[in-house]
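Thanks for sharing this one. Here are my notes, point by point, to read alongside the model.

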Amino acid sequence: MSTDTTASVSTHILDTSVGRPAEGVAVTLAARSGFDAEWVALGGSATDVDGRCKDLPALPEGTTHVRLDFQVETYFSHQHSSKKQAEAQQDAPRVRDSGAFFPEVAITFAVTPGEHYHVPLLLNPFGYSVYRGS
């Protein structure tokens, strides 16, 4: 939850290749307090059955930039091996070993104290997009 001196962050992932939330994706959160400051790892979470991370760590006071790192390779490796996923993407070209072209997705954005930042990730094995949600 954001305060007057801190921002807050939430995220969720939708796997657009199957039209469903992406469950079990590890997400780590890092922050820094200035463009030249070092990144500080704050912790992480994993997406639930709804594709949401409900327990990301709070941002420290003075945070100006946030980085979310989504580890999607394991998710797609698991999805790729399931028969249901293979049938859903039977026309898609195979991707080397992992089932994903991007093994991880790192999103960096600026924050302002007192604001909440919801950052949805729309994901498929060959691309992704993000935006500031509400």
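1. Asp 48 comes out as partly exposed, at 23% relative accessibility. This is a predicted model, so please read every value below as computed from predicted coordinates. The cut-off for buried is under 20% relative accessible area, so Asp 48, at 23%, does not count as buried. Its salt-bridge partner is Lys 54, with 3.7 Å from N to O. Lys 54 is exposed, with a relative accessible area of 65%.

2. The structure holds two salt bridges, and the other one deserves a look too. Here the side chains of Arg 132 and Glu 115 meet, at 3.2 Å from N to O. This pair links distant parts of the chain, 17 residues apart: Arg 132 lies in the segment after strand S9 (127-130), while Glu 115 sits in the loop between S7 and S8. Arg 132 is partly exposed, with a relative accessible area of 47%. Glu 115 is partly exposed as well, at 36%.

3. Now to the interior. Which residues touch the most other members of the largest nonpolar core? They are Leu 68, Phe 70 and Phe 109, in a core of 26 residues. At least two core residues come from each of strand S1 (8-15), strand S3 (26-32), strand S6 (65-71), helix H1 (73-81), strand S7 (104-110) and strand S8 (116-124). S8 gives the most, with four residues. As a general background, nonpolar side chains in soluble globular proteins tend to be buried together.

4. Leu 68 is a good residue to centre your view on. Setting aside neighbours within four places in sequence, Leu 68 has contacts that include Val 9, Thr 11, Val 27, Thr 28 and Leu 29. Leu 56 and Val 119 are also in contact with Leu 68, as are Val 105, Ala 106, Ile 107 and Phe 109.

5. S8, the strand that gives the most to the core, also has two strand pairings to check. S1 and S8 run parallel and are joined by eight bridges; in this pairing, His 12 stands opposite Pro 120 in S8. S8 and S9 run antiparallel, with four bridges between them, and there Leu 121 stands opposite Val 130 in S9. S8 and S9 form a hairpin, with two residues between the strands.

6. The aromatic pairs come to four. Tyr 75 and Phe 76 make an edge-to-face pair, 5.0 Å centre to centre with 70° between the planes. Both rings belong to buried residues: Tyr 75 has a relative accessible area of 7%, and Phe 76 has 1%. The pair of Phe 109 and Tyr 117 is tilted, because the planes lie at 40°, with the ring centres 6.2 Å apart. Phe 109 counts as buried at 13% relative accessibility, and Tyr 117 counts as buried at 7%.

7. Two last items involve rings. Phe 101, Phe 102 and Tyr 128 are linked into a cluster by ring pairs. What sits over the ring of Trp 39? It is the charged end of Arg 67, 4.5 Å from the ring centre.

Key. Residues are numbered from 1 along each chain as its sequence is written. This is a predicted model: local features need pLDDT of at least 70, side-chain atom pairs count only at pLDDT 80 or more; totals for chains, interfaces and linings use all residues. Side-chain values use heavy atoms; hydrogens and water are left out. A nonpolar core is a set of buried Ala, Val, Leu, Ile, Met, Phe, Trp, Tyr and Cys residues joined through side-chain atoms within 4.5 Å. Buried means under 20% relative accessible area, exposed over 50%, partly exposed in between (1.4 Å probe, protein chains only). Contact means heavy atoms within 4.5 Å. A salt bridge is a side-chain nitrogen of Lys or Arg within 4 Å of a carboxyl oxygen of Asp or Glu. Two strands pair if DSSP finds at least two bridges between them. Rings of Phe, Tyr and Trp (its six-membered ring) pair if their centres lie within 6.5 Å; planes under 30 degrees apart count as stacked, over 60 as edge-to-face and the rest as tilted. A charge sits over a ring if NZ of Lys or CZ of Arg is within 6 Å of the ring centre and within 35 degrees of the ring normal.
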